[in-house]
Amino acid sequence: MNIPKRSKQNALRLLPLAIGIALCSGTAWAKPGDVTWQHGGMTREVSSDQASYYDLAVDAQGDLYTTEEPKGWSNVLAFKGASPRFEQKWTETILVEGPSRHLLLKGDKLATLSSDENSLTLIDRISGKVSSQTKVNLGDHKIEKVDKPMTLGRDGTLYFNNCKTRINEGMTYSLVTAIGFGDGLVKWEKRPYKHAYCTVPLTTQGYVFNAPAPAVDAEGTVHTVTSPDMSKEAIFLNIKEDNIVRGPTMKGLLTGHPVPGPDGMLYVIGYPDVFGFKDYGLYAVNPKADAYHESAQRIQGATFGSKNVPTFLPEPVIAGNSIYFMDTAEGDKWALSAATFNDGKSDATTLRWTFPFLDTETWQTKEYMTTTPAVSEDGTLYVGTNLALYGIDTVTGKQKWKRTELNNAGAKTLTIGLDGTVYFIGCKSKCIVAIEGDGSALAKGSWPKGRGDLGNTGQAQVVEQPDVIGAAPVAALEISGITDATFFGRVSTLLGASGSTDPDGKVQPWELTYAWSVTQADMVELESPDSVSTMIRLKEVATKDFDVVVTLKVTNPVTGKSSVAHQTLHAKAGK
């Protein structure tokens, strides 16, 4: 087709305008991992005089909220998540002592707590105006200040696990405080039991008093943890309205923030040595166990030296039937691991993969997590470290992309927008950055990101269960004849799916249809990819180690519904 010369000239004149519009839109031609927007920290050298940012929350419309400290006061900022994208909606100044570092969002109300823990401010999400500001006196100036997240009960009450010093005794006691989310007024404040003190985790900044933030399970029970002797015991507390019930005890352990699982268990990172801060593990705790009963079971974890003291203890996150948690790899590297819940049993998990972070010769520059991860619906795990921001495939555990240039001193908080945009605070806390994600929103699960949800409420997400009639079959992938998911040479390994079931009970396992597939298909072969079981082997003896992801798809031929299961196998070279 012949195009008139004038039309070509007009098209060329419009090309710079089109490119400008595309760049301004923030997402045109962007691929996952690309920066699409940045607020603050615009200069190459970040100045201490620039505003600092502390927390991020996303509302039901996809709009973004953050807390900001210009210098000497605090602001709450709001940005549009949809067209015109990233336009600032409003700024509200909060005159309090110390920055307001934590942000909680529910419905049309925002709550923020000053860093001295004495002022609680409630803000209308739509207008951006302060609706109330109350002196709640949660802070204790006799101890080093520690910022604690807020937790919102399903009854509309804010819960705080805080510390106060009794001057005549010289001891710092643990207190649970309840505050109305509607009016900001203190409802009650109780010491959970006689010898309740605050735990003393070790950080690179020294010893600080701290109490893990409460968490709310699907039934509305508030769970928190405290220590009676500040060193070697963690006691779980269950709170319903104003009734505090002492739960199980973890002997010889301190913990991070408890995370409610979909099975009613609590999952927590525990460590036994406050003075060495080593031997981390992922623990499952039955909160309904009797008081004084040791119900914690270590289900994953690794031991490593006290020289690797972290400055941040990330929460485990749960999406689907998987849990993702802080771990170690190859002896002395920090790492992130994924495990799968087995058959709904809380005390049984299978480690799927471990993603090691960068190792260095000096422990001060070792790479470690600085954010709790967040998982997307399409299977990308986002996590920030002191050196980079990562997108990791949740199935394979492989890196999708990595960004380093805006992550000076580590991302401080991280969340996912409704359109899949990844937001984090970087530039030594001086900027907010938007990264193109995989295009999907936050994953479904009881705790898919830090503080549970996009509003940072500390509530476990209630995942709707499908009706039993017409439900998808349950895919169960089994491996025989090998340990640690490792196979060698051309020796055949049996994969089975006989444990797969139909929740309706109307279709027997042998009546379901099965489809097996693998990555690295040029190097690995399946004997019977359409059978309930199949043999897997290398086509040739491998010249190097590599991973193979096996996928099993199980389909109900009556309803047409299906489900999948994945397993990573490790092929060894030269055997």
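The following exercises, with worked solutions, concern salt bridges and one sheet in a predicted model.

**Exercise 1.** Determine which residue forms a salt bridge with Asp63, and state whether each partner is buried or exposed to some degree.

*Solution.*
Step 1. Side chains of opposite charge can pair when their charged atoms come close.
Step 2. The partner of Asp63 is Lys89, and the closest N and O atoms are 2.9 Å apart.
Step 3. Asp63 belongs to the loop between β2 (52-58) and β3 (64-69), while Lys89 belongs to strand β5 (residues 88-94); the pair therefore ties together parts that are 26 residues apart in sequence.
Step 4. Buried means under 20% relative accessible area. Asp63, at 10% relative accessibility, is therefore buried, whereas Lys89, with 28%, is partly exposed.

**Exercise 2.** Locate the two residues of the salt bridge between Asp108 and Arg125 in the chain, and classify the accessibility of each.

*Solution.*
Step 1. The closest N and O atoms of Asp108 and Arg125 are 2.6 Å apart.
Step 2. Asp108 is found in the loop between β6 (100-106) and β7 (109-114), and Arg125 in the loop between β8 (119-124) and β9 (130-135); the two are 17 residues apart.
Step 3. Asp108 has a relative accessibility of 40% and counts as partly exposed. Arg125, with a relative accessible area of 9%, is buried.

**Exercise 3.** Describe the salt bridge between Arg451 and Glu315, and then place it in the whole structure.

*Solution.*
Step 1. The N to O distance between these side chains is 3.7 Å.
Step 2. The pair links distant parts of the chain, 136 residues apart: Arg451 lies in the loop between β35 (431-435) and β36 (478-480), and Glu315 in the loop between β24 (297-302) and β25 (317-319).
Step 3. Arg451 is buried at 7% relative accessibility, and Glu315 is buried with a relative accessible area of 7%.
Step 4. Lys31, Asp34 and Arg403 are joined into one network by salt bridges that share partners.
Step 5. A search of the whole structure gives 13 salt bridges.

**Exercise 4.** Give the strand order of the open sheet of 4 strands, and identify the strands at its edges.

*Solution.*
Step 1. The order is β36-β38-β41-β40, and the pairing is antiparallel.
Step 2. β36 and β40 (524-526) each have a single partner strand and stand at the edges, so one side of each is left without a neighbour in the sheet.
Step 3. On average, with direction ignored, neighbouring strands of this sheet are turned by 25 degrees against each other.
Step 4. Strand β38 (residues 493-496) is joined to strand β41 (residues 533-538) by 4 bridges. Leu495 stands opposite Thr534 in β41.

Note on methods
Residues are numbered from 1 along each chain as its sequence is written. This is a predicted model: local features need pLDDT of at least 70, side-chain atom pairs count only at pLDDT 80 or more; totals for chains, interfaces and linings use all residues. Side-chain values use heavy atoms; hydrogens and water are left out. A salt bridge is a side-chain nitrogen of Lys or Arg within 4 Å of a carboxyl oxygen of Asp or Glu. Buried means under 20% relative accessible area, exposed over 50%, partly exposed in between (1.4 Å probe, protein chains only). Two strands pair if DSSP finds at least two bridges between them. Axes are lines fitted to C-alpha atoms, for helices over the stretch in contact, and angles run from 0 to 180 degrees between N-to-C directions.
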